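Visitor: I am new to reading protein structures. Could you walk me through this one and show me how each label is earned?

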Amino acid sequence: MIALASDHAGFPLKNAIAQYLTAREIPFSDLGTHTGERCDYPEYGLMAATAVASGRCEKGILVCGTGVGIGIAANKVKGIRCVTCTEPYSAVLSRKHNDANMLSLGARVVGEGLALMIVEQWLAADFEGGRHGQRVGLITQIEQTGEIVSGGR
């Protein structure tokens, strides 16, 4: 299940992503916003990130004006690795190398066609593990302790 959320600026693109997911029979939970009225992106980033961190959803997709603010908010939740992408290459490598479990997009930065291409490729990419798993482990150590306590150079 995909957690899907946006603020007012991302609302139209979030709806396009919802249509994309529905057409491909990819289950998702639309956590809002559900209107184009002004709202605060941290609330929606938190809702989606909590759904992913708790295991209720496997991954999450977020949308705000730039994708940056809502992604920063999501990354404050322990266990979240949210990447803001404006092109598919970084989206794919964020999954393969960084095991990104959330994607954020900027509705004012990328058009709908490019956004859907990014979503498609991000969802299709799998984490490679190996040396990348060790590096993600180091990121987790930083998240938990504020430092790298083992591994590294």
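Visitor: How many bridges join E1 to strand E3?

Guide: Welcome! Keep in mind that this is a predicted model. Five bridges join E1 to E3 (residues 59–64), and the two strands run parallel. One of the facing pairs is Ile2 with Lys59 in E3.

Visitor: What makes E1 and strand E2 a pair?

Guide: Pairing takes at least two bridges. E1 and E2 (residues 28–30) have three bridges, in the parallel sense, so they count as paired. Within E2, Asp30 is the bridge partner of Leu4. Between E1 and E2 the chain passes through helix H1 (residues 11–23), and this β-α-β crossover is right-handed.

Visitor: Why is strand E1 called largely enclosed by the rest of the structure?

Guide: Five of the five residues of E1 (residues 2–6) are buried, and therefore the strand is described that way. Both faces are covered: Ile2, Leu4 and Ser6 are buried on one side, Ala3 and Ala5 on the other.

Visitor: Why is Cys39 called buried?

Guide: Buried means under 20% relative accessible area. Cys39 has 13%, so it is buried. Cys85, with a relative accessible area of 1%, is buried too.

Visitor: How do you know that Cys39 is not bonded to the sulfur of Cys64?

Guide: A disulfide needs two cysteine sulfur atoms within 2.5 Å. The closest cysteine sulfur to that of Cys39 is in Cys64, 10 Å away, so it is too far for a bond. Cys85 is in no disulfide either: its nearest cysteine sulfur, that of Cys82, is 8.7 Å away. By this rule, the count is zero disulfides.

Technical notes: Residues are numbered from 1 along each chain as its sequence is written. This is a predicted model: local features need pLDDT of at least 70, side-chain atom pairs count only at pLDDT 80 or more; totals for chains, interfaces and linings use all residues. Side-chain values use heavy atoms; hydrogens and water are left out. Buried means under 20% relative accessible area, exposed over 50%, partly exposed in between (1.4 Å probe, protein chains only). Helices (H or I, at least four residues) and strands (E, at least two) are DSSP runs, numbered from the N terminus. A crossover is right-handed if, with the strands pointing away from the viewer, the path from the first strand over the helix to the second runs clockwise.
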